[in-house]
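Dear colleague,

I am passing on the structure below, and after it I set out what was found, with the terms explained as they come up.

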Amino acid sequence: MKNIWAFAKDFLAEALKGGKLYYSWLGFLGLCILAGLYPMYIILSKGLIMTGLTDQISMGQYLSNFVYTAHIAAAAILVVIPGFVYKRPDMRDLAVLGEIVAIGFVISGLIFVLFHMGRPERFWHMLPFVGYPNFPSSTLVFDAITLNVYLILNVIAVSFFLYRRYHDRSVHVPFYHFIVWWAIMWGPLIHIITAAVLGNNARMFAWNTAVLPFAFLSMAGASGPAIVIMIFLLVRKYTRLAIPDSAIDVLRKIMVWSLGIMALVFVSEDFAVLYNSTAHAEPLKFAMFGHHGLNDYVPWFWGIMACFVGSLIALLFPRVYKSYDCWLPFVCLIVAASILLEKPYLLMFPSFSPSPLGEYTVYHTTLPEFLTLAAIWAIGMLVMTLLLKGAVGVILGDVSRESRAAVAHENTGTPVTAQGGA
Amino acid sequence: MSQQCSGHCHCGKGAEEAESIDTTRRDLLKYMGVAAMAGAMAEADSPEAEAATFKEWFQTHYQLMTDSEKKACIARLEARYSEEYGKHVTVSDAPPLKGVLFGYALNIQKCIGCRTCVHACVQENNQSRYDPEVQWIKVLKMEKGGDSFSEDKREKGYPEHSAIGDHGVQVGGNAYTPAGVSLEDSVRYYDPEKVPEDGSFYFPVQCQQCEKPPCVKTCPVRATFREPNGVVVIDYNWCIGCRMCQLACPYGARRFNWGEPNLPPEEMNPKTHYFGNRPRMRGVMEKCTFCLQRTREGRMPACLEACPVGARKFGNLLDPQSEIRQVLATKRVFRFKEEFNTYPKFFYFVD
């Protein structure tokens, strides 16, 4: 117990230690959370009427952003797989960073779901044994179970890794590998089931398609590594943890393949519905061309498609993907942002037109809704940032049982490579 | 067939209209006073009311309750509603009828689009009255399509003559013009002086009480379920407000309480049922229940009683002598969106 306490104290101390830039980032996240507190209270007390949701578009920003968090959380295993499945030594220790990314995004995602609910205080109705879950009919029950199990798996894996490392003991014991392999299998599962939650609605023509899980997984494979590459580039720029180029290149290759598969998925779906252009094509046609002048989503559609195709092409050129300080992070930012914006503006909103009774509707995000979105994102990002910062310290050996004993610990400044771990 | 509409359109004479606006304004002031009072009361919750809220949070699904729990729950609700609305409110939990499967049939040939049913439903079932008014029945106005086709467009289709070659028109110029039942070109927010309008017909839609309801399958907490009389109901105290059912419904039948419902006490119908028209709270789903509180007592749904042209028929599908069975046996009947395989017990027919 004393050991755990010492570990927690040292870990937190390391997580809260940093330069001006680090504190500005933490301060920014803190501000976002503070600014969201009152809108959160308003929405929880007055109801979802304070958001842009209507009976016509009944799934809005919260659910869109939740799907994105599921993208990134599922994709975090792509950081784990190279080290564990393909035994790449340069990726072994980095796996824990991927798991931390998953934790941050799942936390945001679960809060998004709570805000999406009309009666969040009744969440326990869905719990097994205490509630009355509609098992096995309802896909949402599966989604709730898989997401929470995934969060728990990652929390266990991350804390086990960091705690053992702190005591300078090897993490490669059967228990750790069991948990990591379980998480590797579980990651895609959370996303396939999230796709099922949307895809099981026969009347939602844009979602009720067999390619939806493939679209989700390929988008996860593109946006997840995009975000992880940006994090890795920041880590190796601002800490002594020298993440090798080879690790970045692996993630970039995954991104390119995912973008390619995503393009095929989009083209297949577009062809399947547009060739005959039946009722199933209406939501897509609404997004592509508008409807009698109601064309709010048309610029989003073509803009986001241009970003997808542009990033795919750009990432084929060595001049771009070898430019670790400039072009690569820029393209990663474009991919991550365009897939984030794709969720509400292509996946969600246009899919609700026409409604079952033929209405075409546009969604208007309200200010309280936007502020709560920012706050919920900030909560997940704050947890992720602190965990990442502490974890890097643990991997480097700055935070350890010995360094606690050694009073005069000197920062030698020598870069420590990622494979230098236990 | 032409008939004066029922006062929900601007069809009255000038003086009558002014009077009615005046009444509305007076009513509005009255409501505002009542609302302010209700607000003050809500702020100073009595310990009993707080205890009731607390107990309601721990309340289980109604179907899982023991008889004594059900009794306590009903008593709690009756006390709460009676206090809130300042009148004696009863909450029935009358069981489903034996040997009954409810069915509904609507004669679209007779419907004149007056929306009397819509407003009778709102009054009977204690829906929110303003900001917004929640309506369970939607009447779609559709164009008869007599002028849809034109000689001008006959050969102006696709593909056009081009250098590649002329293979004839494959998509006729008269494509993409609606005729007959077309949801996309239907209008819900029509407001004419008189109904029915020439060149239009009307198509009311409400919960179709599917025999294979997709909403029930998708509800994560079984808050909505099919009761033995074939009616899909909701336990408003168990619903978590996830709206999966709304996403599943191909008929747009479900209505969500996005905000706190606004039900003025003097308009509140005090005769309620637990699964029917008892007042709902913010953040839960609601929908047509075939007026459960009436039909379980052998009465007719409010929309049927209100219909001025007798377009609506209701009864027991298992009783060969019932009117609904006569309709099914003798009229041209169809189910709405039968391609979804939901097997509605709501039928449309023409004579």
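Contact here means heavy atoms within 4.5 Å, and helices (H or I, at least four residues) and strands (E, at least two) are DSSP runs numbered from the N terminus. This is a predicted model, in which local features need pLDDT of at least 70 and side-chain atom pairs count only at pLDDT 80 or more, while totals for chains, interfaces and linings use all residues. Residues are numbered from 1 along each chain as its sequence is written, chains are lettered from A and ligands numbered from 1 in the order in which they are written, and side-chain values use heavy atoms, with hydrogens and water left out.

In chain B, four strands form an open sheet with mixed pairing, in the order β10-β2-β12-β11, where two strands pair if DSSP finds at least two bridges between them. Its edge strands, β10 (312-316) and β11 (332-334) of chain B, each pair on one side only. Strand β2 (residues 102-107) of chain B is antiparallel to β10(B), with five bridges, and B:Y104 has B:F314 as its bridge partner there.

Across β2, β10, β11 and β12 (346-350) of chain B lies helix α9 (residues 323-330) of the same chain, running at about 110 degrees to β10(B); axes are lines fitted to C-alpha atoms, for helices over the stretch in contact, and angles run from 0 to 180 degrees between N-to-C directions.

The largest nonpolar core (buried Ala, Val, Leu, Ile, Met, Phe, Trp, Tyr and Cys residues joined through side-chain atoms within 4.5 Å, buried being under 20% relative accessible area with a 1.4 Å probe, protein chains only) has 161 residues. Helix α8 (residues 212-238) of chain A gives the largest share, 14 residues.

Best regards

Key:
Buried < 20%, exposed > 50% of the residue type's maximum accessible area, 1.4 Å probe, protein only.
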